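Thanks for sharing this one. Here are my notes, as a few numbered points to read with the model open.

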Amino acid sequence: MRRTTLVFLPDTNTGDAQALAERLRERVSGQPFECKEVKTEMTVSIGLSFDIGEGGIPELIEAADLALYQAKNRGRDRVVIFSDVGDF
């Protein structure tokens with residue numbers, strides 16, 4: 001099962017947001033998870049975006065979504081910042 005959660009961190013700089021995302025990813029990654037007697041490990045892929053222009057919140061969400069999918073394409077279990085995405 002895959003879930004997507006959107007988190008807004010107003011007044012948070014790039015470094016602090018990335019550090020928080022990495023801490024979250026590290027805490028979840030590799031932790032045993034059991035559901036209906038099936039044991040597995042979870043990973044977390046995170047896409048970050050920041051104030052990227054005048055497109056407002058829809059553009060911000062789209063940028064984070066692109067970064068998230070790039071994190072998954074790069075092998076999952078990682079944090080990608082939208083500015084690091086480059087061309088698809």
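1. Let me start with the outer side of helix α2: the exposed residues Pro-58, Glu-62 and Asn-73 sit on the face turned away from its buried side. Here exposed means over 50% relative accessible area, buried under 20%, and partly exposed in between (1.4 Å probe, protein chains only). Helices (H or I, at least four residues) and strands (E, at least two) are DSSP runs, numbered from the N terminus.

2. A word on the source: this is a predicted model, in which local features need pLDDT of at least 70 and side-chain atom pairs count only at pLDDT 80 or more, while totals for chains, interfaces and linings use all residues. Residues are numbered from 1 along each chain as its sequence is written, and side-chain values use heavy atoms, with hydrogens and water left out.

3. Now the other side of α2. Its buried residues are Ala-63, Ala-64, Ala-67, Leu-68, Gln-70 and Ala-71. They lie on the same side of α2 because they cover an arc of only 160 degrees around the axis, taken from the directions from the helix axis to the C-beta atoms. Their cover includes β3 (46-48) and β4 (79-81), counting heavy atoms within 4.5 Å as a contact.

4. The length of α2 also checks out. The helix has 18 residues (56-73) and should span 26 Å at 1.5 Å a residue, which agrees with the 26 Å between its end C-alpha atoms; the expected span is 1.5 Å times one less than the number of residues. After α2 comes Gly-75, with a positive phi near 120 degrees.

5. For the overall layout, the protein has 2 helices and 4 strands, in the order α-β-β-β-α-β from the N terminus. Of its 88 residues, 25% count as buried.

6. Do look at Arg-25, which is buried at 14% relative accessible area. Its side chain forms salt bridges with Glu-22 (2.9 Å, N to O), Glu-26 (3.9 Å) and Asp-77 (3.4 Å). That last pair links distant parts of the chain: Asp-77 is in the loop between α2 and β4, and Arg-25 is in helix α1, 52 residues apart. A salt bridge here is a side-chain nitrogen of Lys or Arg within 4 Å of a carboxyl oxygen of Asp or Glu. Among the partners, Glu-22 is partly exposed at 23% relative accessibility, and Asp-77 is partly exposed at 25%.
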